[in-house]
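User: Hey, can you walk me through this one? I'd like to start with the backbone and then get to the ligand.

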Amino acid sequence: MKDYGFKVTAAGRINLIGEHVDYCGGKVMPAAISLKNTVYVRPNGTNKINLSWTTLPDKVSLDIDNLQNYKDLKYGNYQAGAALIWQKAGHKICGCDMLQDCTVPFGSGLSSSAAIEVSTIAALAAVAGERADPVDVALKAQTAEREYTGVNCGIMDQYASACGKKDHVMLLDCNTLECEYLPLRLGDYYLIIANCNKPHNLIESKYNERRAETEEALKLLRQKIDINCLANLTPSQFKSYGTGLPRILKKRVGHVVGECERVRVAAQALKAGNMEILGRLLNLSHASLRDDYEVTGREPDALVEAAQKQSCCLGSRLIGGGFGGCTISLVKTSSVDDFKEFVYGAYLKATGYKATFYNSDIEDGLTITKL
Ligand code: GLA
């Protein structure tokens with residue numbers, strides 16, 4: 001890769017806890033992982049961004065003056081969207097060749113899309129001689145996801161991908177973007193990531209539906225109480241004011257209020273090194289995503305159930321947008337191999353799908369290296 005000018009990497013992410021609360025102004029606890037998107041970039045003196053991939057035969061050429069035209073591409077649409085939003089924000093886009101190498105499995109709930117958007121913007125800035133601020137890159141990447149690909153997402157994934165720090169989780173306030181980095185010290189335990197490998201479709205529409213439900217609930221609640229986001233509703237306010245909500249909206253708000261509370265306690269448990277409490281919170285989070293937020297599904301539920309049956313596992317839950325994707329489990333380090341073997345077998349038996357396991361090594365989010 002010596003003939004490229006820069007190597008830019010942006011990470012996929014896990015989320016310890018705080019699911020489906022980022023777009024409600026809540027706190028989340030993501031971390032950047034070693035699965036990432038790498039972009040090798042060099043200027044090419046044309047008005048095209050030429051994309052190629054290490055793992056795909058496709059080659060795509062994006063015309064810098066018509067970046068809005070690539071929404072329907074199977075591969076290259078995230079890059080086009082990221083470039084367009086960066087351009088609209090007033091940045092110079094140079095013609096360049098970009099070789100992309102993505103180790104984040106697509107559609108797995110580990111934020112391959114955020115990793116692609118963040119690394120593409122940072123690569124465009126690098127090749128244009130700009131020093132991009134990671135938070136700004138994250139915000140533009142989020143805008144690209146919302147406006148170009150139509151997923152009305154929160155800021156968690158792009159922020160984690162751009163601002164993650166080795167061996168730390170981020171306690172990120174999605175209302176203010178204040179971020180506290182907490183060392184991920186799990187004592188004798190380790191986080192195992194497992195992919196349920198069920199292809200999920202409709203995730204975008206269901207995700208947008210959940211988001212719309214929370215917005216509707218906020219509107220109704222604001223007729224009675226002065227809050228600027230759902231995450232500001234306390235459990236006791238929910239008790240008093242939640243009763244008037246339509247049944248489904250009440251369940252959704254119940255999840256948000258409970259999950260925000262769990263994030264608060266999980267941060268304390270992590271700081272105190274109390275893995276039992278952390279594990280219990282993971283289990284409660286999954287139950288709430290399954291029963292109240294209704295974003296899990298047969299396969300993720302089976303995977304979590306198999307994990308929770310193991311005495312070496314303190315807690316397990318689905319992460320990300322849901323309807324498939326990955327789980328994390330807090331497992332005694334000395335029992336990791338037995339855990340994987342049991343969960344693999346039990347999950348296969350229950351669903352017919354083969355789970356894949358990944359290490360949860362926590363890395364820096366964004367790196368830019370001059371070659
Ligand atoms: C997706 C979105 C995030 C967040 C999670 C759920 O990953 O991109 O913004 O809402 O779902 O926590």
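Analyst: Sure. Keep in mind that this is a predicted model. Let's begin with N197, which lies in the loop between β9 (189-195) and α5 (203-222).

User: What's the phi of N197 near?

Analyst: Phi of N197 is near 55°, a positive value in a residue that isn't glycine. As background, most residues other than glycine have a negative phi.

User: And is N197 buried or exposed?

Analyst: In between: N197 counts as partly exposed, because its relative accessibility is 31% and the buried class stops under 20%.

User: Which loop holds S111?

Analyst: S111 sits in the loop between β6 (96-102) and α2 (112-127). Its phi is positive too, near 70°. S111 has a relative accessible area of 7%, so it is buried.

User: OK, ligand time. Which residues are around it?

Analyst: The list is R13, E19, H20, D22, Y23, C153, G154, M156, D157, Y207, G320 and G321. By type, that shell splits into four nonpolar, four polar and four charged residues.

User: Where are the polar contacts to the ligand's oxygen atoms?

Analyst: Y207 has a polar side-chain atom 2.6 Å from a ligand oxygen. R13 also uses a polar side-chain atom, 3.1 Å from an oxygen of the ligand. With G154 the partner is a polar backbone atom, 2.9 Å from a ligand oxygen. On its own the ligand has 300 Å² of accessible area, and the protein covers 93% of that.

User: Which pocket is that?

Analyst: The ligand takes up the space of the largest pocket.

User: M156 and D157 were in that shell. How many residues of their helix, α4, are buried?

Analyst: Eight of eight, so α4 (residues 156-163) is mostly covered, with buried meaning under 20% relative accessible area. Both M156 and D157 are among the buried residues, along with Q158, Y159, A160, S161, A162 and C163.

User: Switching topic: where's R317, and is it buried or exposed?

Analyst: R317 is in strand β10 (residues 313-318). It counts as buried because its relative accessible area is 0%.

User: Which backbone oxygens does the R317 side chain reach?

Analyst: One is the backbone oxygen of N15, which the R317 side chain reaches at 2.8 Å. Another is the backbone oxygen of L16, 2.9 Å from a polar atom of the R317 side chain.

Methods
Residues are numbered from 1 along each chain as its sequence is written. This is a predicted model: local features need pLDDT of at least 70, side-chain atom pairs count only at pLDDT 80 or more; totals for chains, interfaces and linings use all residues. Side-chain values use heavy atoms; hydrogens and water are left out. A residue is near a molecule or strand if one of its heavy atoms lies within 4 Å of it. A polar contact is a pair of N or O atoms within 3.5 Å; within protein, one must be able to donate a hydrogen and the other to accept it, and residues adjacent in sequence count only if both atoms are side-chain atoms. Accessible areas come from the Shrake-Rupley method with a 1.4 Å probe; for residues, only the protein chains shown count as cover. On a 1 Å grid over the protein atoms alone, a cavity is a set of points where a 1.4 Å probe fits but cannot get out, and a pocket is an open set with protein on both sides within 12 Å along at least five of seven lines; lining residues have an atom within 4 Å of a point. A molecule sits in a cavity or pocket if more than half of its atoms lie within 2 Å of its grid points. Ala, Val, Leu, Ile, Met, Phe, Trp, Tyr, Cys and Pro count as nonpolar, Asp, Glu, Lys and Arg as charged, and the others, Gly among them, as polar. Buried means under 20% relative accessible area, exposed over 50%, partly exposed in between (1.4 Å probe, protein chains only). Helices (H or I, at least four residues) and strands (E, at least two) are DSSP runs, numbered from the N terminus.
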